[in-house]
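Here are some worked exercises on a two-chain model. Try each task with the structure open before you read the solution.

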Amino acid sequence: MKKLFLSLVLGLLLVLVVASPALALTTADVAVTATPAYVTISCNQTVYNFAVVAASSTPSTTTAWATITNGSTVQTDQTIGVTTATWAGGVTWTHSDTNTPGENTAGMVTNRGGTWGVSDVIIKYDTPNYIYENCPASTGYSFGLKLYAPTSFTDGVEKSITVRVSAAAG
Amino acid sequence: MKKLTLVATSCLLLTMVLVSCTPEAPVTRPTSSGDSDVVLIRVKDGGIESHSSEVVVRNFYAGARAEMIYRIHNATARAIIPEIYINSSANVADYSKADGAVRATPEVLSWIKLPVMEDIAPGETKDFVVAIAMPKGVKKPAEKIGFQIGVAGGTNTLPATVGVAVGTWWLISMR
């Protein structure tokens, strides 16, 4: 009887040891929730056409050309970038993330309501820059676009690229 | 002694029953409730709004899958094809509520499953599922990781188009 009891206790211990990691795995399921907050921006401009540009020219809008209305109820970080690495149309232009124009290579900068050449922000494809970091809730702003045209072109076909302003809780 | 043996036997049986009931390494569907089970996005003319700033995933582990519905409403007068993308350049360290989360590595970003996007007619709403599935047997990259999922209302091909987008942070705590 003693032997039986001992073997039962040992068996119980063994099962518990084996079972504990399995039981630990199920102590809680993966939980997924969305945190309510209101993040919203809109832009009063959708298109800008620089028209016919000369090689090495730097045409621009005013620095208050477009207005971002920011109705977010939380602080946001806002970036500006282009959505593709090239300008579409005919012989494509490479978009320079260092704003260094070259043969069929263009760059672009933005300025947030100030003076061109003072605190301009390069509009990049990879790792877009902040146009407004730590933008307070319900705070809008204006910005402009400045093109750095290629030093030479292969063709005269119209080129296009999309600029995107993105906001996320900051 | 007889009683003791009986008690020990019962315990053993009970433990065995518990073990047999343990669900196998679960491909867990997320639990969520109330207003926090979807990310509501509204695309307007020239604008976009999100009703969530972050998606929080808790207790994540190798072999698990977490999903979130992005419910996108087209409030414009034209059909749109919204875009849901990984904003790989966003660094969660810049987020004031990151709470120790570290930037997701390219390996972690490869676990993200983005939906196939479809047209949304004017005035209509469609659901799109964004998921992250961590492969089995993979070592956890950190205790807490973060990345950003962006949503844009759709693009067109006009010259120098300006568009807007919103991002939601995903904050994932590992088990």
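**Exercise 1. The hairpin in chain B**

Task: Find what separates β1(B) from β2(B), and which residue in the turn has a positive phi.

Solution. This is a predicted model, so begin with the backbone trace of chain B.
- Step 1: β1(B) and β2(B) make a hairpin, with two residues between them.
- Step 2: Check phi in the turn, where B:G46 has a positive value of about 75°.
- Step 3: Look at the pairing itself. Strand β1 (residues 38-44) of chain B runs antiparallel to β2(B), joined by four bridges, and B:K44 sits opposite B:G47 in β2(B).

**Exercise 2. The other partners of β2(B)**

Task: Work out how strand β2 (residues 47-60) of chain B is placed in the structure, and which further strands pair with β2(B).

Solution.
- Step 1: Start across the interface. Strand β1 (residues 31-43) of chain A pairs with β2(B) in the antiparallel sense, over ten bridges. One place to see this is A:T40, whose bridge partner in β2(B) is B:E49.
- Step 2: Return to chain B. β2(B) and β9(B) run parallel and are joined by five bridges; here B:V56 stands opposite B:L171 in β9(B).
- Step 3: Count burial along the strand. Twelve of the 14 residues of β2(B) are buried, so the strand is largely enclosed by the rest of the structure.
- Step 4: Pick one residue for a closer look. Beyond four places in sequence, B:V55 touches A:V32 and A:A34 from chain A, as well as B:V39, B:M68, B:T168 and B:W170 from chain B.

**Exercise 3. The nonpolar core**

Task: Say how many residues the largest nonpolar core has, and which have the most contacts inside it.

Solution.
- Step 1: The largest nonpolar core has 70 residues.
- Step 2: Those with the most contacts inside this core are B:I48, B:V55, B:V57, B:Y70, B:V151 and B:W170.
- Step 3: Ask which element gives the largest share: strand β9 (residues 161-174) of chain B does, with eight residues.
- Step 4: Put this in context. In soluble globular proteins, nonpolar side chains tend to be buried together.
- Step 5: Follow B:Y70 outward from the core list. B:Y70 stands opposite B:F128 in β7(B), where strand β3 (residues 65-74) of chain B and strand β7 (residues 125-133) of chain B pair antiparallel over nine bridges.
- Step 6: β7(B) also pairs with β6(B), in the antiparallel sense over two bridges, with B:I132 in β7(B) as the bridge partner of B:I112.

**Exercise 4. Positive phi in chain A**

Task: For A:N99 and A:S119, decide where each lies and whether each is buried, partly exposed or exposed.

Solution.
- Step 1: A:N99 is not a glycine, yet has a positive phi of about 55°. The residue lies in the loop between β5 (93-95) and β6 (105-111) of chain A.
- Step 2: A:N99 has 17 other C-beta atoms within 10 Å, so A:N99 is partly exposed.
- Step 3: A:S119, also a residue other than glycine, has a positive phi near 60°. Its loop runs between β6 and β7 (121-122) of chain A.
- Step 4: A:S119 has 9 C-beta neighbours inside 10 Å and therefore counts as exposed.

**Exercise 5. A buried alanine**

Task: Describe the surroundings of A:A66 in strand β2 (residues 66-70) of chain A.

Solution.
- Step 1: A:A66 has 22 C-beta neighbours inside 10 Å, so A:A66 counts as buried.
- Step 2: Its contacts beyond four places in sequence are A:C43, A:N44, A:Q45, A:S142, A:F143 and B:V162.
- Step 3: Compare A:T84, 18 residues away along the chain: the two C-alpha atoms are separated by 21 Å.

**Exercise 6. Confidence**

Task: Find where pLDDT falls below 50 in chain B and under 50 in chain A.

Solution.
- Step 1: Take the averages. Chain B has a mean pLDDT of 83, with 77% of residues scoring at least 70; chain A has a mean of 88, with 84% reaching 70 or more.
- Step 2: In chain B, pLDDT is below 50 over residues 11-34. In chain A, pLDDT stays under 50 over residues 12-27.
- Step 3: For the complex, the predictor gives an ipTM of 0.81 and a pTM of 0.81.

Key:
Residues numbered from 1 in each chain as written. Chains lettered and ligands numbered in written order. Predicted model: local features only at pLDDT ≥ 70, side-chain atom pairs only at ≥ 80, totals over all residues. pLDDT = per-residue confidence, 0-100. Contact = placed C-beta atoms within 7 Å. Core = buried A, V, L, I, M, F, W, Y, C linked by C-beta atoms within 7 Å. Buried ≥ 20, exposed ≤ 12 C-beta atoms within 10 Å, placed from the backbone. Pairing = 2+ DSSP bridges.
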